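Biologist: Before I read anything into a model, I want each label explained. Please take me through the terms one by one.

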Amino acid sequence: MKIRIPVVLLLAVSLLAPMAHALKLDFDKLKDVKEKLKVLKEPSDADEIEIGKGVAANLLGAAPPVNDAKLQAYVNRVGQWIAMHSDRPDLPWHFAVVDTDGVNAFATPGGYIFITRGMLLRMRDEAELAGVLAHEVTHVVEKHALKTMRKGAFAGLAGDALSNYAEKKGKEEFNKIVSAGTEIYARGLDKEDEFAADRAGVVIAARAGYDPYGLPSVLQTLASINPQDDAVSLMFKTHPDSGKRLELVSSSMNGRLDQFISNSRVETRFSYVIKSHISIYKPVKIN
């Protein structure tokens, strides 16, 4: 007896075969995604702080802090106040002025933030200092350095190490992460991260009661410096063009933060600290 298979059943089988094959491929893709997610596992806050401490130690090996307790205490007071108005106020924040003529500021994971003596000497008031520190606080809040380690040239070196360190706390993984983290400061973060830190920085400074135009004022100063000047060579190498940054951040503000403009730019306290302390190391004219 000849069995007749309904045409509908044949059609169903013909359709299910490729679907099953496709489904298998999807499962394969899901396995790949799972592996990638494992690599991208977020380190805990404790791990992030430990990593940042290691990177900070490397950076301080190249340029130690300025040997002035009152100056360091002043910058820490301003920095801590700014950090309190960020989205991660509970991190153990640390701020320091490093003893170099170079004009720069940088932040390592976990809340370690440094500003150079050269940068501080080019500022006019505390609102400018607050704006720069708020920019760096944003890098920590948004974990920009950790994200940079996971992509581009750093992915092979630090991506696996970040995940493995989160699970094993191995010394080898830690050293790889610290090495990659230190290298970031010679290469720089993504331009978009810098632009985002500018935008968020003016908001955090305003929340803290400072003139939000402090950071744009610093960017204006940087844009006026000759790019060939050795003091700013690293800044210009690792950051987007200051003029472009000023244009973008000013456009994003567009009068929306004018209500927060302070009548006092907190000049007296800032000028006292600069003239009484940091100018001892290198005389400077405060305009």
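**Confidence and one helix**

Modeller: Over residues 7-27 pLDDT (the predictor's confidence in each residue, from 0 to 100) stays under 50, and the model has one contact (heavy atoms within 4.5 Å) beyond four places in sequence for them. Residues 29-40 also have pLDDT below 50, with seven contacts beyond near neighbours in sequence. Where pLDDT is low, the predicted coordinates should not be read in detail. This is a predicted model, in which local features need pLDDT of at least 70, side-chain atom pairs count only at pLDDT 80 or more, and totals for chains, interfaces and linings use all residues. Residues are numbered from 1 along each chain as its sequence is written, and side-chain values use heavy atoms, leaving out hydrogens and water.

Biologist: What is the mean pLDDT of the protein?

Modeller: The mean is 76, and 67% of residues reach 70 or more.

Biologist: How do you know that the span of H12 is close to that expected?

Modeller: Helix H12 (a DSSP run of H or I, at least four residues, numbered from the N terminus) has 12 residues, 242-253. The expected span is 1.5 Å times one less than the number of residues. That gives 16 Å, and H12 reaches 16 Å from first C-alpha to last.

Biologist: Why are the buried residues of H12 said to line one face?

Modeller: Ser242, Arg245, Leu246, Val249 and Met253 are buried (under 20% relative accessible area, 1.4 Å probe, protein chains only) in H12. Seen down the axis, their directions from the helix axis to the C-beta atoms fall within an arc of 100°, so they line one face. Glu247 and Ser251, on the face turned away, are exposed (over 50%).

How values were computed: Helices (H or I, at least four residues) and strands (E, at least two) are DSSP runs, numbered from the N terminus.
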